[in-house]
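Here's a quick walk through one model, with a few helices, a pair of cysteines and a couple of side chains to look at. Have the viewer open as you read.

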Amino acid sequence: MTDQITLAKESGPLPAGSGLRGHPWLTLVAVAIGVMVVTLDGTIVAVANPAIQKDLGASLAEVQWITNGYLLALAVSLITAGKLGDRFGHRQTFLIGIAGFALSSAAIGLSTGVGSVIGFRVAQGLFGALLMPAALGLLRATFPAEKLNMAIGIWGMVIGASTAAGPIVGGLLVEHVSWQSVFFVNVPVGAVALLFGLFILLDHRAENAPRSFDLVGIVLLSAAMFSLVWALIKAAEWGWGDTRTLLFLGASVLCFALFAVWETKVSEPLIPLGLFRSLPLSAGTVLMVLMAFAFMGGLFFVTFYLQNVHGMSPVDSGLRLLPLTGMMIIGSPLAGAAITKIGPRIPLVAGMVATAAACFGMARLTPDTGTLTMSLWFALLGLGLAPVMVGATEVIVGNAPLELSGVAGGLQQAAMQVGGSLGTAVLGAVMAAKVSDTFGDNWQGAGLPPLTPEQLDEVEKGVQVGIAPVPPGAPEQVARTISTVAHDTFVSGMNTAFTCAGVVAVLAAIVACFTKRGQNAEAGAGAGHI
C-alpha cells in the first residue's frame, strides 16, 4: 500500500518512558519551538540592522545582503530540503536544521566583520529551510486526520506569536543589550528544541519513500528560484525594464521550463509533476502566493507608516501591530477546528474576503489616523489570515501522498516566500510610481523652493519610505510644510499599494473556491497517544 508507514530504526535505545516518543501533542511542542526560532529571526533582525551597520561600518548594500542572503537561501532550498526529509526522515532533517540554525546564530553573534555576518546568515537560511518542511512532515505523519487541522492551527498560532514578538524583542535587546544578543537568543531556544526533538520526535517513513536524488532537478529548480527571487529583490533598485532584471527573469523562466521537461524524464523526480493534477493542491499553492503577495507586500509599508509618519520607535510600532498578530494567534486554532468540521473551502474564502476588506480599509489610512482605527483594520487582517495559513497548508500537504509530504511542505513555504517577495517588489514599484507622479506637483503646490532633477530624484527615494526631507536648521513652518507634503505623498502611494493588495486578495478568494479537504489526509500515522 502506498500510504503504509514504516518506522525507521531509531539510533540508540528509547529513553525512559518511551511512550512519550512520537506523542502527537509533544511532537507539536517540539516542532513549534524549532519553527519559532526561524520565524522570530525573520522579523527580529530588521531591528538590529542599523546597529550592525554602525558597529561594523557596513555599506547599505552589505546591510541589505544581511536580509537578502537569508531570504535567498531559504527560498531556494525549501523544496530540496523537503525532499531530503522525505528521503532520510523528517526527524533527522529537523534536528540537523535546528542544531545548524543555533550554531549559525552563535557564529553571527561572534562575528567581527560584515562578510562573516552575511555568510552565516546564508547558513541560517539553509538550515531554516530544513526545519520548516520537516515540521509539517512530522505533524502530518503523527496526527490523525481529525486532529491535524487543530495541530496546524496551533502551529500557525506559534508562528504568529513569534512574528509579533520579533520587533519588540529585537528592539529591547538592541536598545538594552547589543545587536549580537539578537542572534545569541536563538542558542538557548534552539537547545531546548533540540533536546525536545531528541527525546520526543519519532521518525516516520513512508513505505515507498524516495531512494535516490534528482540532482539535475535540484540544480535547475535552485537556479530558477534564485533567478526569480533575486530579480524581485533587485527590481526596485535596478528598475523593472532594466536589462539585468529582464535577464534574471528570463533565466528563471528558462530554468523552470527545463526543470519541467526534465522532471518528466527522470525515474524519481524532485517534484513529480503529477502532484499538480490535483486541482485543490494547485489552487492551494496559488492561494499561498496571492495571500503572501497581499499580506507581506502590504505590511512592508505599514512599518514605515508607523515609524516614519507617526514617529514611533521600533518597539512601539511592534506593539501597534499586536492586534494583527493577536488575532492570528486567537484565530489559528479556531480556524483549525472549523476546517476540521466543515472543510477548508468556506473558511479560506471567508478569510481572503476579510483580508481584502482589511486591505481596502488600510487604503483609507491618513497621516492622522488614530490608533483605534488602525487597530481595527489590523485585527481584521489577522482574523482573515488565520484560516488561510491553516487551511492552505492542509490543502497542499493533505492532497499530497505521504511519501511526498516534505516536498509538499517545502512547496507551501516556497510559495509564501515567492509571494512575499513578489508582493514587496510589485507594490514597491506601485508606490515608487505614485510618489514620482505626485511628489513634484505637491512640492510645488505647497510653495516650497524648486528642486533640481537630481535633488528631486534623491528626495523621492526618502519619501517612498515616509521620510520627510527636512534640511537641518529649517524654520519650523517650512519644516512642517515639508513634512506634510512628504507624508501626504507617502500615504497616497501606500493607499494605492493597499488597493492593489485588496484586488489580489479578491482574486485569492476566487482561487479558494477550488480548494477542498486533502484526499490523502488519512495517510497520517494516527498514533494512539491522542
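How near do the axes of helix H13 (residues 345-362) and helix H14 (residues 371-398) come, and at what angle do they cross? They come within 8 Å and cross at roughly 150°. Axes here are lines fitted to C-alpha atoms, for helices over the stretch in contact, with angles running from 0 to 180 degrees between N-to-C directions. H13 passes H14 in a left-handed crossing, where the near helix is turned anticlockwise from the far one by less than a right angle. On the H13 side the contact (heavy atoms within 4.5 Å) includes Pro347, Leu348, Gly351 and Met352; H14 brings in Trp377, Phe378, Gly384 and Pro387, among others.

Some ground rules. This is a predicted model, where local features need pLDDT of at least 70 and side-chain atom pairs count only at pLDDT 80 or more, while totals for chains, interfaces and linings use all residues. Residues are numbered from 1 along each chain as its sequence is written, and side-chain values use heavy atoms, with hydrogens and water left out. Helices are DSSP runs (H or I, at least four residues), numbered from the N terminus.

Helix H3 (residues 90-110) makes a nice sanity check. At 1.5 Å a residue, its 21 residues should span 30 Å, and the end C-alpha atoms are indeed 30 Å apart; the expected span is 1.5 Å times one less than the number of residues. H3 is also mostly covered, with 16 of its 21 residues buried. Buried means under 20% relative accessible area, exposed over 50%, and partly exposed in between (1.4 Å probe, protein chains only).

Here are four residues by that scale:

| Residue | Relative accessible area | Class |
|---|---|---|
| Cysteine 359 | 1% | buried |
| Cysteine 500 | 29% | partly exposed |
| Histidine 487 | 14% | buried |
| Phenylalanine 490 | 0% | buried |

Why don't cysteine 359 and cysteine 500 bond? Their sulfurs are 11 Å apart, too far for a bond. With a disulfide taken as a pair of cysteine sulfur atoms within 2.5 Å, the count comes to 0.

Now for helix H17 (residues 476-512), home to histidine 487 and also to phenylalanine 490. A polar atom of the histidine 487 side chain lies 3.4 Å from the backbone oxygen of glycine 466. Not counting residues up to four places away in sequence, histidine 487 touches Asn308, Val309, Pro367, Gly466 and Ala468. With the same kind of neighbours left aside, phenylalanine 490 has contacts including Phe301, Tyr305, Val309, Met431 and Gly466.

Key:
Helices (H or I, at least four residues) and strands (E, at least two) are DSSP runs, numbered from the N terminus. A polar contact is a pair of N or O atoms within 3.5 Å; within protein, one must be able to donate a hydrogen and the other to accept it, and residues adjacent in sequence count only if both atoms are side-chain atoms.
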